[in-house]
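Student: I've got this one open on my screen and could use a hand reading it. Can we go through it together, starting with how the chains meet?

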Amino acid sequence: MAMTIPGSEHFSSRPIDPDVLAAGLPDSLPVHSVTQEQIDALDPLTYEVVRHRLWSVTDEMGEALKRMSGSPIVTDANDFDFAICDEVGQEVQVGLYNTMLAGAVDLAVYWTLQHRVRNPGVKEGDMFLCNDPWVGGGLHQNDVIVYQPIFHDGKLFAWTSAICHEPDLGGVGLGSFSPAAQDVFSEALPTPPIKVVRDFEIQDDVAEAWIRRSRVPLLVNLDLRAKVGANTVGRKRLHAVIDQYGADTVKAVMKRMMSDAEGRLRGKLRNLPDGSWSATGYQDQSHAGDRAVHQITVKMTKADDHLTFDFTGTDEQAGLINCTYAGLRGGVMLALMPMLANDIPWSAGGLMRCFDLISEEGTINNATFPAAVSRAPIGPAWSTGSLVAECLSQMMDRTVEFGDRVQAGCCGTHDTAVLAGLDQRGEVPTPFLNIVMDVMAAGYGGRPGADGMDTGGLFCIPMGRIPDVEMTEYLYPLMTLWRREEPDSGGPGRHRGGVSGSSAFIPYGTDLPVGLVVASSGKGVSQNTGLAGGYPGNTAVGVVARDAGVKRLLAEGTLPLRLAELAGSQDLQACYGETQVAPDDLLYLHWQGGGGYGDPLLREPELVAHDHAEGKVTSTGAEASYGVVLRDDAVDRTATEALRTRLREERRARSTADVAPGPSHAPSTGKRLDDNLVAVGVDGVEVVACAHCGRQLGDPRTDTVLTLARFEGPTSNAGSHVTDDPGQYVDDEIVFRQLCCPGCYTAIYSGVVPAAHPQHVIDLDRYVQA
Amino acid sequence: MAYVIGVDVGGTFTDAVLDDAAGTIVAAKAPSTPADYSQGVMDVLAVLAENLGEPLERMLAKTHHIAHGTTSSLNALVMGNVPPVGFITTRGHRDSIYIMNVEGRYLGSAPHQLQNVMGQDKRHVLIPKRHAVEVTERLDRDGTVVVALDEESVRSAVHSLLDQGIRSIAVSLLWSFKNAVHEQRIREIVGELDPEAFVALSSEVSPRIREYARNATTIMSAQIGPGLRDYLGRLESRLNDGGLGGPLLVMQSNGGAIAASEAPSTAISTVGSVLTGGVVGAVSLGEQLGHRNIISTDVGGTTFLVGLVVDGEPVRSSTTIINHHPINVPTLEVHAIGSGGGAIAWIDHGGNLQVGPRSAQSVPGPACYGAGGTEPTNTDANLVLGILPESGLLGGRKALDVEAARDAIRTRVAEPLGLSVEDAAAAIYAVQNAQTGDLLRKTVVETGHDPRNFVLYAFGGAGPASCAAYAAEVGVREVVVPLGPVASGFSAFGLAASDVVLAQELSDPGQMPVPAATAQGHFEELERRLGEALGRQGLTFERVEYARTIDLRYTAQLAEVTVGVPAGALTGADMVAVMDEFERKYAGLYGEGTGFSGAGIQSITLRVQATGALPFNPQLPKLGDADTPDPAEALAAVRRVCLDTVVGYVETPVYDYRLLRHGHVIHGPAVIEVPTTTVVVPPHMTGTVDHLGNLSIITRN
């Protein structure tokens, strides 16, 4: 286990029983609460009226925050959130922005109530600021929470909070992101809760100590005021609600909102099959210079109305791809809320009662101090969410009722690029720092009933957006040569993964080199996994084209549209690195699309033709991935049928199948397991069979795993959208692995993974029990 | 004596209101005719002439102008019933309209849809990709030509569109609002290749920074432009054949009218016209009643629209959302906050009562309409509570089926909650009023105002039954229900009262304070263009007013705050004063101390609005005085009505509006039946009939 620094455990916040927390508070801090009888006595009418009122309070806070912030990461990327908590910090209502933050907010309040009440005190008119991801409130130091206790009649009644990602809070790297960081001391300083507002007034000494660390102190100051303003809006509105309905009623509604959300989620869980599902995912590289693959693994067990996520087996913390407990929990919430709580109010405090976390300290998604954690939300926490989503999808894919909640992997990260330099366009040259947001236009995963959304955004930020090209060019000395959707970047599948896009920038309005920090993943190993035989989406690519000659081309009247049209050399960017973009260089970023769902050879050919017309699939991709031949933009039925037969034959020829054919069953008599598998009753026992050809693939009385034809080969077999040379990024052997029904050669699993990747989908006990 | 006529073409009915500038107001109603809306307009004018007692030809000959609001363009966009449109843009940037800044996935969605990410999609693309083409050209942020327009690339792009049968083309290039020369040249080339093609340039339709919204705005304008041109041409010729003396004007989203001949070239500006008529009507009525701050609520069977009037001026917005796309149209801010009388009550998985947002629409409608609806709606609850009479509206011919309403509430709400049908109906009524109150409060508060300083106007068929209750929820003291001769055609009344309003804007992002001479140059150019445009309207104005505004923000904020700019020659001091005003306004919106000028203030878009005042100011006719405040002579019935869950059913007087006179005072609880609606005066509130026939309800002392 990684070394930890003695004394740092003081700052590790964990969920705590609210009754225990309240009982530990001194008499100097009286707390307002209500009894279960008061909660039970609420009539449905009052409940609904006050619940709606509280929703509108949260909503107003968010609107205020969003409009007041001056950080493009907030205003454009919507990387922020806000919450109302009860008196001990349980989340009553969270916003619809960065959903991972729901896993962190309450931890900061719990910690504050444990360590700030006696000194310096928690009083009316206070607001605390915190960016210590071990304490909570955010996932990495750039997430800064400002939160306030709200008092009624001298008693602590509730908390409101506002969190934004700040563009830079110091440290050795641009944007507080050092790709070489080995520990937190290279990053922005974590600040445990400090009182930034006292007696309703911003404390200039504290505020200035806070902004002093930043490369963009003016923006950080404006954002601080935005967060204070949003909390003020929340306090005033909440007081108005209390005045109208009475403190006890409002509190009873808050408590019941959480128990209602909990009850409804438990109700859903009861309607889902019990069992265990595992998933394993990767971070390729942990920091600049690293060439290893690091895994997060989870086993989700669903029993009755409860979920347990066991992350035992996850790799030790490394480089900067780590997150604290807040990130682990936030990662779970990023999948859980949109997938299972889509129609349940986001009273996150109630939802979080429905699961337990098991995790070893000192691992990449439960890192101990002083691990570097700047990559937390977009690295390990995100991966945690993607893996939880994979488990939830596989569980729900067995049902019809929850079929519309099933989704292959979405884009697995925010493909970070930070550009900073000198803007020489004005009379006075000024420094600039731009975190490129285009990369948020990522693809969603395919689903049993629908294609993944093309350039739909990031699954973890329901209301994200990217800035207009003109706004980027107005603010920064850059020119965007193109920003477009990239055909074939969506993972092939019966339902295609959503495509991603690419952007190309040149320095424009500066004759100095522009500093560049890149931080991404999913370049050598796929993170946007396919589901039920669907292929992964594209691997990400970052290139600095050196001496590209773009300005000469422009002067000649040419607008280049691809790297091949450029002069000079191409400098492929590792997952983590720091370099410069010289005045005649070009930066190209191609981020991740979504994974496909189901075998692409089963995709309706007309849909492929439509994809081709809409620029989502090239004719080459249509043939190679889907076996669809297009003539004059229309499907050539005969040629398509022949090609699809041939592609199945190729699968057969390249695969190894261990056993002779076993029994077959009529697939129509089976019960759905996923797109390709059914459970068929044989002699009072359920066996697994192919949903297409009926071939028996596993009998729990004799087998522990499915018997499938297996192929493992170079990643180029996955399609041209996946890197054909993972060795450019990592030393581990990375392969395209495909598992097919040995009868009809329909793909059951298609992945781009390390050769050592455990094969969870063949575990028989996730489908049937003896 | 000259007439002004307002004609409001709605989805179901076309309303008309005529004013003779001498105290006479006549209204008429006819079914809308979606196949060709101009037929419905001619029909309603015939009814109007009949109601006026004049032959149609004579009425039209005496008409100074007709102000026309139409939902047809908006409907065409929402239903996708538009001709194919080509899109020409800068090479490398075609996909802006497909990427939609990601936000096109969710913009304009209701809260429950926002939360359901997996229920969202991007299928509402503006046009298929084969209709979007790129040309070689590039400008930078200063409008400097970086790559000259390659005319061969334009010709081949235009040919590819024309070959696909496209006759309407939207052109939107990067940074064209700084330099329109490339867009203008493309129009010339299109003209050479197809002189009949309709062309919309983004530098004319929406010269504003942020290309996605500008592209979408230009495309939508090109989608509705040809249809609007054909429709207005058809209508104008029918009216001219009928002897219309004055011009035909079309209402715009900005609350003012524009000559029909001028409308198609910036067609998108007319898209919200049907929504804004009510707000303009509220302004006009407010002038007569002395109300400067008004919350205007228009509640129909399927929509609940809210507009605001602050200090006598409607609150404006520079952007709206259509089909999930952001559209740059200066508009009166009208929020759709609920589902009106048809909102369905239901029990969620947690056993909680919810009302809306789903609506029973006009088909099948509420259960009590007996048209196949089985889900309980607000209207059903109102019927069970006794607020609505079983005989239906006074002016209607159709009785309501109270048993169907009770069945729907019993099975879907009462039994699951373990309540009586009556209590369940009362709960629906209360939840609906409280939620409406929340959304109203949010709408008002987010513009930086306190709802307690407002008077609320309630019109539309479904509003008056609840308005006093939801007004009290937000702390509004006085509610006015316009009930005079234009009660059912309040939007048409607003149209007749409207002036010609034209707006021009242009983005020139810069650091404040921008040099006064730069700003002055921009404003003078905008005013010059507006002066020319006013001259093309074919009208004589009593006076012309120009109002300058500028959108400012702190550094890189997404949202801008619009601030007024003085007329005349600007000085450096004026620009500083504008910054100060921005900081004041910002602090008012978000709280003292939330602004931070150290971060720098940027100017984004400059705008001038020209108002050409027309010589009409329709006044509602006066109502006769009552002999006594006691309205006993208007008492039509007494029936059991429940307005409060705690008190339950109470014997409640029901008055016939037609017999009420100025000065009658009605103490709640009471119900007033009007031919077009039903008004509730809740317990402990008092209603007074004013001199114009409106009912004014005071919610508290």
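Tutor: Sure, and keep in mind that this is a predicted model. The contact takes 78 residues from chain A, with 66 residues coming from chain B.

Student: Which element of chain A gives the most to the side that touches chain B?

Tutor: Several elements give two or more residues there, including helix 7 (217-245), helix 8 (247-270) and strand 14 (478-485) of chain A. Sorted by class, that side has 36 nonpolar, 20 polar and 22 charged residues. The top contributor, with 14 residues, is helix 3 of chain A.

Student: Now strand 17 of chain A: how many of its 6 residues are buried?

Tutor: This strand covers residues 541-546 of chain A and is mostly covered. To count as buried, a residue needs 20 or more other C-beta atoms within 10 Å of its own. By that cut-off, the count for strand 17 of chain A is 5.

Student: What stands opposite Val543(A) in strand 20 of chain A?

Tutor: Strand 17 of chain A runs antiparallel to strand 20 (residues 586-590) of chain A, joined by 5 bridges. It also pairs with strand 18 (residues 569-572) of chain A, antiparallel again, over 4 bridges. In strand 18 of chain A, Val543(A) has Leu572(A) as its bridge partner. In strand 20 of chain A, the residue opposite Val543(A) is Tyr588(A).

Student: And which are the edge strands in the open sheet of 4 strands in chain A?

Tutor: The order is 23-24-25-26, with antiparallel pairing. An edge strand pairs on one side only, and here that goes for strand 23 (671-672) and strand 26 (696-698) of chain A.

Note on methods. Residues numbered from 1 in each chain as written. Chains lettered and ligands numbered in written order. Predicted model: local features only at pLDDT ≥ 70, side-chain atom pairs only at ≥ 80, totals over all residues. Pairing = 2+ DSSP bridges. Buried ≥ 20, exposed ≤ 12 C-beta atoms within 10 Å, placed from the backbone. Contact = placed C-beta atoms within 7 Å. Nonpolar A, V, L, I, M, F, W, Y, C, P; charged D, E, K, R; others polar.
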